[in-house]
Amino acid sequence: MNINDTIVSQSTPQGVGPTAVIRVSGKNSIDIVNNIFPSKDLNKVDSHTLHFGSIIYDKVIIDEVIISIFKEPRSYTKENIVEISCHGSEIIIKKIILSLIDLGARTAEKGEFTFRSFLNGNIDLSQAEAVSDLISGKSENAHKIAINHLKGVFSEKIKILRTDLINLSSLLELELDFSEEDVEFANREKLTNLINEIDDFCKVLIESFKLNNAVKDGINVIILGKPNVGKSTLLNSLLDDDKAIVSEIPGTTRDLIEDTITIGNNIVRFTDTAGLRDTNDKVESIGINKALEKIKDSSIILYVFDLNKTNIKSVEIELSEDYLQNKNLIIIGNKSDLKVESIITKYFEKNDFIIISSMKKKDINKLKNLLNQFIKDNIIDDDCEVMINERHYNTLINVRKSIDNVKENLENRSNTDLLALDIKYALDNLGQITGEVTNDEILGNIFSKFCIGK
Ligand SMILES: Nc1nc2c(ncn2[C@@H]2O[C@H](COP(=O)(O)OP(=O)(O)O)[C@@H](O)[C@H]2O)c(=O)[nH]1
Ligand SMILES: [Mg+2]
């Protein structure tokens, strides 16, 4: 794609709506729009001003619009940007865009506005990625983290560490020039400290990657237990919807049934499963295997008992199953509306147990509050500031590999060229996160995931 072209696209969603915005960016954008906006000479207006008037092309009035002017370099792309707010009809939008194309603009590629913003130095690569996270974010936490990335919270820190490392590595290069004289310009203790700091920073970021799916797609919570304990009823009560079939016949649920709700600042994805028991029914056992398989990508297990058909011994046997060990477990005694023996009630009133009635929706909110607290304590702390994406993760793993080599070279007092080389690898990899070092493949990958108009 030619970055000197003037590009145009609708930047609001497709379809009919009260208003739509068409965005034009590039050197000639003001000139081009000026041709279809006779009310005023847009070349003579100030940046960051609004103008009301008609769009007229081929002597036909297409619409009455409001035009916003952003002159270079004070715009998202750092180029001249004109935004046309028109009425949200598909015909109007199409006519305006076609007239602009007739006059010399071309349609923007996916993510091309953001790509230009990156190329022209308005945002760095990880901020560009944050733009797409910001658009797709579904929960409060996803939104907060994307905003922090957009503000450049973590790329700023990477840039500082990288600059420090560049400074030290240029001293190392200098040593190479004086290699006969056995001098040390780069203070090895300073270098060791910096390398450790970078390593610690990478470790924290890498750790945050495990939050990725939870923040973006929702925290997986699986509902498990014997048949007929009320798992499907619980799913329905949590969702406030009749999603799963409920019946008194054991073995009703076979497939995994999933849906999400928002709890606190997060999206939570509940999965209802087939009751766990030995069975000869072929379809039911497939369902049970699916349930056991699903445990692997669940962050929390809600393990349900029927208070009436349970004694302390059987609870303990069920909870000793291998697949429940070392898991985030919330144990639920269900059917509290029925007459329950006081000894079992007492047992289930302990801290990590909760008593509810799924059918009567009794204490469902209490369970949601418990889950919310549990998520804050064990999965995503509401103070969580950054979280990296898969590309950052893979790059940071490479940074750490080179950092490990640098550390080893420092410990063994290896010769300077080896040290300098490994530092160069670390610098390259760090630079790939913010886009100071890039290649077409990385860029193509990132911007092709954007929607057109962004
Ligand atoms: N009394 C009472 N019955 C319930 C409750 N929850 C579920 N049930 C009943 O228990 C039976 C099995 O429920 P279901 O949700 O299909 O259990 P699942 O096999 O674990 O999914 C149905 O007849 C439900 O109406 C509850 O809280 N109280
Ligand atoms: Mg069921």
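1. A good place to start is Glu-248, which sits in the loop that connects α9 (231-239) with β8 (257-263). Is Glu-248 buried or exposed? Glu-248 is exposed, because just 6 other C-beta atoms lie within 10 Å, and a residue counts as exposed with 12 or fewer. Glu-248 also has a partner to look up: Pro-227 is 21 residues away in sequence, and the two C-alpha atoms are 9.4 Å apart in space. Please keep in mind throughout that this is a predicted model.

2. Now step back to the whole chain. You will find 16 helices and 12 strands in it. The radius of gyration is 30 Å, well over the 22 Å that the globule rule gives for 454 residues, so the chain is more spread out than a compact globule. The C-alpha trace spans about 85 × 80 × 35 Å along its principal axes. As for burial, 36% of the 454 residues count as buried. Among contacts between residues at least 6 apart in sequence, 65% join residues at least 24 apart.

3. The two elements that flank the loop of Glu-248 lead on to a sheet. This open sheet has six strands in the order β8-β9-β7-β10-β11-β12, and its pairing is mixed. Why do β8 and β12 (353-355) each have one side without a neighbour in the sheet? They stand at the edges, each with a single partner strand, so one side of each is left free of a neighbouring strand in the sheet. On average, neighbouring strands here are turned by 25° against each other, direction ignored.

4. Look next at the pair β8 and β9 (residues 266-272). The two strands pair in the antiparallel sense, over seven bridges, and Ile-263 stands opposite Asn-266 in β9. Helix α9 packs on this sheet and touches β7 (219-225), β8, β9, β10 (300-306) and β11 (329-334). The direction of α9 makes about 155° with that of β9.

5. Helix α9 matters for your view of ligand 1 as well. How many residues surround ligand 1? There are 22 of them, and the closest are Gly-230, Lys-231, Ser-232, Thr-233 and Met-359. With three residues, α9 gives the most to the shell. By class, the shell has five nonpolar, 12 polar and five charged residues.

6. A second open sheet is built of six strands in the order β3-β4-β5-β2-β1-β6, again with mixed pairing. Its edge strands, β3 and β6 (106-107), each pair on one side only. Strands β1 and β6 run parallel and are joined by two bridges; Ile-7 stands opposite Arg-106 in β6.

7. At the other edge of that sheet, β3 (residues 49-57) and β4 (residues 60-70) run antiparallel, joined by nine bridges. Within this pair, Ser-54 has Glu-64 in β4 as its bridge partner. The hairpin of β3 and β4 has two residues between the strands, and Asp-58 there takes a positive phi near 55°.

8. Helix α3 (residues 112-119) is worth a visit. Seven of its eight residues are buried, so α3 is largely enclosed by the rest of the structure. The buried ones are Glu-112, Phe-113, Thr-114, Phe-115, Arg-116, Ser-117 and Phe-118. Where does the cover for these residues come from? It includes β1 (7-10), β2 (17-25), α4 (125-136) and α16 (440-447). Just after α3, Gly-121 takes a positive phi of about 80°.

9. Finally, a few backbone details to check by eye. Most residues other than glycine have a negative phi, and most peptide bonds are trans. His-48, which is not a glycine, has a positive phi of about 60°; it is found in the loop between α1 (29-34) and β3. His-48 counts as exposed because it has 11 C-beta neighbours inside 10 Å. Asn-326, also not a glycine, has a positive phi of about 55° and is found in the loop between α11 (312-319) and β11. With 6 C-beta neighbours inside 10 Å, Asn-326 counts as exposed. The peptide bond from Glu-72 to Pro-73 is cis, with omega near 0°, and Pro-73 lies in the loop between β4 and β5 (81-88).

Key. Residues numbered from 1 in each chain as written. Chains lettered and ligands numbered in written order. Predicted model: local features only at pLDDT ≥ 70, side-chain atom pairs only at ≥ 80, totals over all residues. Helix = DSSP H or I, 4+ residues; strand = E, 2+ residues; numbered from the N terminus. Rg over C-alpha atoms; globule rule 2.2 N^0.38 Å. Buried ≥ 20, exposed ≤ 12 C-beta atoms within 10 Å, placed from the backbone. Contact = placed C-beta atoms within 7 Å. Near = placed C-beta within 6 Å. Nonpolar A, V, L, I, M, F, W, Y, C, P; charged D, E, K, R; others polar. Pairing = 2+ DSSP bridges. Axes fitted to C-alpha atoms, helices over the stretch in contact; angles between N-to-C directions.
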